[in-house]
Amino acid sequence: MAPAKKRNVKLANSSQPSLKTTKIDLNSKVEGILESRKNASDVFDIFEFLQSEEEQDVVKAVDACGHLFCQLLETRRLYKGKLPEEEEALKGPHSAEDKYRIFMRHRYHSCVEMLLEHLSHELHGVQEVSLCCLMKFAEGQGQHPLEDLDWSQHFSFPGKLLQAVVDRLVSRTADKSLLISRFQEFLEKDDVRYYVMGCVRQNLVRVMDHSNGKDMAAYLNNVFSLMCNISMPKKEAELCNFMLPQEAKHEDWKATKLIEHKRNFEWMWLGLLKYKLPSSMYKKILVILHESILPHLRTPTLMIDFLTAAYDVGGAISLLALNALFVLIHQHNLDYPDFYKKLYNLLEPSIFHVKYRARFFHLLDIFLTSSHLPLYLVAAFAKRLARLALLAPPTALLILLPFVANLVRRHPSCRVLLHKPGADDEAVEDPFVMEEEEPAQCGALDSSLWEIKTLQRHYHPDVAKAAMLFNTPLSEREDDINRLLETTTYQLMEKDLKVSSKKVPLEFEGATRLLDADKDVMGQHFCLH
């Protein structure tokens with residue numbers, strides 16, 4: 001591709017063009033180039049402004065280039081087919097018309113290269129207008145292809161240009177999240193979305209396979225940001241918004257098939273997950289996996305290995321993997337033999353202080369809903385939660401106590417934990433082993449929920465009240481814990497402060513002669529002296 005040639009731009013009365021002068025000059029240059037071939041070399045004057053250091057000049061030049069080359073594409077005044085070298089073509093036996101088209105086609109490529117460079121410009125305004133102009137070129141190039149192919153066997157989509165744009169969006173050094181959010185407008189086009197997913201997958205292979213241990217944090221964040229902006233359709237009937245409708249071959253076009261979109265979407269995400277990623281990236285992916293990724297995969301069970309590995313990691317990553325595992329277990333018949341054992345071992349004091357506490361207890365409640373769970377397992381969870389309650393803050397206790405009560409309601413055989421014979425008569429050693437990882441061997445059924453009795457003397461009145469309910473026969477109706485999951489310490493304090501305070505008398509009879517008594521004492525004091 002021939003580089004853009006530079007020429008000195010002569011400006012009247014000023015070395016730096018004003019915005020008004022730039023607008024007039026560029027518009028007249030574009031009109032002159034479109035009117036006559038003899039003005040073709042004026043395109044270099046536009047390129048001068050495109051390389052200016054002033055943002056306003058660059059923005060105007062980008063608009064001028066967009067108008068110029070879109071018109072040249074539409075009127076088919078760019079050379080079509082394999083582009084010959086510029087110098088050889090101008091000296092060769094080509095006609096004057098072909099030489100002009102070859103010249104302008106090289107200028108078009110030079111413009112595209114400069115706009116791609118502007119996607120890394122320090123000013124976001126320049127990046128944005130350059131991106132929009134490149135997508136205009138993609139649309140124009142798709143409608144009026146520059147490749148001389150047998151279009152009865154091919155689809156006219158500018159894949160190379162789109163790949164170049166995607167490569168710049170997923171920069172290895174700069175944060176492109178703001179520009180990617182602007183690109184989301186184009187991802188709403190079904191054909192653009194389809195081809196972008198393929199571009200991302202190719203870029204991942206090219207970059208990650210040759211990373212050689214380099215810091216890829218910026219690159220991975222850009223890739224994740226771009227992938228998260230891809231919104232998949234749910235039905236094939238929704239595939240109706242195309243940038244380049246292939247009307248003649250619409251039925252044969254893969255971009256019109258939902259199954260093909262799902263295939264590209266699946267390959268893209270699996271292409272990312274096969275590489276070693278930072279733990280922060282795993283957390284981001286797991287947060288959206290169950291809602292934004294799994295429902296749109298052609299074969300969701302391909303995620304089993306990834307999710308089971310994440311579940312085995314422990315900590316916050318295991319908590320986040322629960323959502324997606326729940327989907328696979330209930331909707332895709334995933335068989336996970338040690339699932340409840342690992343779930344049991346996730347119950348640690350730190351669980352009350354993580355950001356995903358509400359989500360975890362919501363899922364834990366669902367997993368323990370089944371009445372077919374063995375008694376030893378339910379008793380182990382109830383006892384472990386009761387033991388953890390001794391270390392929990394009030395906001396967590398208001399979740400734990402109704403949670404344990406619900407477990408007892410669902411499994412009446414667990415009532416033995418509340419009414420253990422001889423439990424109140426004398427102090428005995430608790431047979432429950434908190435450190436035991438196997439629920440069947442922790443000794444929960446041989447123990448009792450004495451921790452509930454302790455919490456009945458808790459300093460917070462709401463907690464003590466909730467614990468006192470265990471002294472009465474539990475109703476069959478379960479408590480709704482969902483309304484308590486998001487309760488914060490601030491909300492508890494606000495609730496306490498809003499309670500109307502009663503006036504408490506400090507003395508039985510009001511003082512009426514307090515000041516007079518003080519005067520008498522002061523008078524006696526002065527008389528003595």
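**View 1. Thr-395, tucked into helix α18.** Thr-395 has its place in helix α18. This is a predicted model, so keep that in mind for every view that follows. With a relative accessible area of 5%, Thr-395 is buried, because anything under 20% counts as buried. Who does Thr-395 touch, leaving out residues up to four places away in sequence? Its contacts are Arg-357, Thr-487, Thr-488, Thr-489 and Leu-492. One of these, Arg-357, is among the buried residues of helix α16, which comes up next.

**View 2. Helix α16, wrapped up by its surroundings.** Helix α16 covers residues 357–367, and eight of its 11 residues are buried, so the rest of the structure largely encloses it. Which residues of α16 are the buried ones? They are Arg-357, Ala-358, Phe-360, Phe-361, Leu-363, Leu-364, Asp-365 and Phe-367. As for what they pack against, look for α14 (315–331), α15, α17 and α18.

**View 3. Two aromatic pairs, one bridging two helices.** Search the whole structure and you find 22 aromatic pairs. Here is one of them: Tyr-344 and Phe-381 meet edge-to-face, 5.5 Å centre to centre and with 85° between the planes. This pair links distant parts of the chain, as Tyr-344 belongs to helix α15 (residues 339–345) and Phe-381 to helix α17 (residues 375–389), 37 residues apart. Are Tyr-344 and Phe-381 buried or exposed? Both are buried. Now turn to Phe-360 and Phe-361: their ring centres are 5.4 Å apart and their planes stand at 80°, so this pair is edge-to-face. Phe-360 and Phe-361 are both buried as well.

**View 4. A cluster of rings.** Here ring pairs join several residues into a cluster. Its members are Tyr-311, Phe-326, Tyr-336, Phe-339, Tyr-340 and Phe-367. You have already met Phe-367 as one of the buried residues of α16.

**View 5. Arginines sitting over rings.** Tyr-344 is back, this time with a charged partner: the charged end of Arg-384 sits over the Tyr-344 ring, 4.6 Å from its centre. So what does Arg-107 lie over? That would be the face of Phe-103, with Arg-107 at 4.8 Å from the ring centre.

**View 6. A salt bridge between helices α1 and α2.** The structure holds 21 salt bridges, and the next views pick out a few. In this one, the side chains of Lys-29 and Asp-45 meet, 3.1 Å from N to O. They link distant parts of the chain: Lys-29 is in helix α1 (residues 19–35) and Asp-45 in helix α2 (residues 43–50), 16 residues apart. Lys-29 is partly exposed, at a relative accessible area of 25%, whereas Asp-45 is buried, at 7%.

**View 7. A salt bridge within helix α5.** The side chains of Arg-101 and Glu-97 form a salt bridge of 3.1 Å, N to O. How far along the helix are Arg-101 and Glu-97 from each other? They are four residues apart in helix α5 (residues 96–118), which means that about one helical turn separates them. Arg-101 is partly exposed, with a relative accessible area of 28%, and Glu-97 also counts as partly exposed, at 29%.

**View 8. A salt bridge from helix α18 to a loop.** Arg-410 and Glu-478 bring their side chains together in a salt bridge, 2.9 Å from N to O. This pair links distant parts of the chain, with Arg-410 in helix α18 and Glu-478 in the loop between α20 (461–468) and α21 (489–498), 68 residues apart. Arg-410 is buried, with a relative accessible area of 15%, while Glu-478 is partly exposed, with 35%.

**View 9. Salt bridges joined in a network.** Some charged residues do not stop at a pair. Lys-383, Arg-387, Asp-430 and Glu-451 are linked by salt bridges into a network.

**View 10. A nonpolar patch at the surface.** To finish, we move to the surface. Which residues make the nonpolar patch here? Leu-375, Tyr-376, Val-416 and Leu-445 do, and the patch comes to about 280 Å². Val-416 is found in the loop between α18 (394–410) and α19 (450–455). With a relative accessible area of 33%, Val-416 is partly exposed.

Key:
Residues numbered from 1 in each chain as written. Predicted model: local features only at pLDDT ≥ 70, side-chain atom pairs only at ≥ 80, totals over all residues. Heavy atoms only, no water. Phe/Tyr/Trp six-rings, centres within 6.5 Å; stacked < 30°, edge-to-face > 60°. Buried < 20%, exposed > 50% of the residue type's maximum accessible area, 1.4 Å probe, protein only. Lys NZ or Arg CZ within 6 Å of the ring centre and 35° of its normal. Patch = residues over 30% accessible without salt bridge, like charges linked within 9 Å, V, L, I, M, F, W, Y side chains within 5 Å. Areas by Shrake-Rupley, 256 points an atom, 1.4 Å probe, with all protein chains shown as cover. Salt bridge = Lys/Arg side-chain N within 4 Å of Asp/Glu carboxyl O. Contact = heavy atoms within 4.5 Å.
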